[in-house]
Amino acid sequence: MRERYLEITFRKGKALAAYLYLPRQPGTKSARTQEMRPGIRADYSAAGEAIGLEINAPGRVTAEDVNLVLKQLGFPPLAPEEFAPIRAA
């Protein structure tokens, strides 16, 4: 996967969680997870590369929160339209 994308999981019509997939080689799996901010955890491959962000509280996490984590990990910030699905949920 060369581009990041956002996936949102709903339960009974409400956003339960979201996952921001980061660019990675096909078949790469998570080997460890690290809490980055309240409601946001980063998944890392066995090689130590960040491969995704778990957003456990999509209703409380802001785009600014996500962008701070992305900056820490060396990725560009989300454009407003990339975060829009979480706001809509």
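Here are four short exercises on this structure, each with a worked solution.

This is a predicted model, in which local features need pLDDT of at least 70, side-chain atom pairs count only at pLDDT 80 or more, and totals for chains, interfaces and linings use all residues. Residues are numbered from 1 along each chain as its sequence is written, and side-chain values use heavy atoms, with hydrogens and water left out.

**Exercise 1. The whole chain**

Work out which elements the protein chain has and in what order they run.

*Solution.* Start with the inventory: the chain has two helices and five strands. (Helices, H or I with at least four residues, and strands, E with at least two, are DSSP runs numbered from the N terminus.) Reading from the N terminus, the order is β-β-β-β-β-α-α. Next, the radius of gyration is 12 Å, close to the 12 Å that the globule rule gives for 89 residues, so the chain is as compact as a globular protein of that length. (That radius is taken over C-alpha atoms, and the globule rule is 2.2 Å times the number of residues to the power 0.38.) Along the principal axes, the C-alpha atoms fill a box of roughly 35 × 25 × 25 Å. Finally, 38% of the 89 residues are buried. (Buried means under 20% relative accessible area, exposed over 50%, and partly exposed in between, with a 1.4 Å probe and protein chains only.)

**Exercise 2. Pairing the charges**

Find the salt bridges and say which parts of the chain they join.

*Solution.* Set the rule before looking: a salt bridge is a side-chain nitrogen of Lys or Arg within 4 Å of a carboxyl oxygen of Asp or Glu. The count comes to three.

- Step one: Arg 4 pairs with Glu 82, with the closest N and O atoms 3.0 Å apart. This links distant parts of the chain, since Arg 4 sits in the segment before S1 and Glu 82 in helix H2, 78 residues apart. Arg 4 is buried at 18% relative accessible area, while Glu 82 is partly exposed at 27%.
- Step two: Arg 37 and Asp 65 meet at 3.4 Å, N to O. Arg 37 belongs to strand S3 (residues 32-37) and Asp 65 to helix H1, 28 residues apart.
- Step three: Arg 41 and Glu 54 meet at 3.7 Å, N to O. Arg 41 lies in strand S4 (residues 40-44) and Glu 54 in strand S5 (residues 50-55), so this pair ties together parts that are 13 residues apart in sequence.

**Exercise 3. Two spots around H1**

Compare the settings of Asp 65 and Pro 77: is each one buried or exposed?

*Solution.* Take Asp 65 to begin with, in helix H1 (residues 63-73). Its relative accessible area is 16%, so Asp 65 is buried. Beyond neighbours within four places in sequence, Asp 65 is in contact (heavy atoms within 4.5 Å) with Arg 37, Ile 40 and Arg 60. Now move on to Pro 77, in the loop between H1 and helix H2 (80-88). Pro 77 has 53% relative accessible area, so Pro 77 is exposed. Not counting residues up to four places away, Pro 77 still touches Arg 4, Asn 67, Leu 70 and Glu 82.

**Exercise 4. An unusual phi**

Which sign does the phi of Lys 12 have?

*Solution.* Recall the background: most residues other than glycine have a negative phi. Lys 12 isn't a glycine, yet its phi is positive, about 55°. Now place Lys 12: the loop between strand S1 (5-11) and strand S2 (14-21). With 80% relative accessible area, Lys 12 is exposed.
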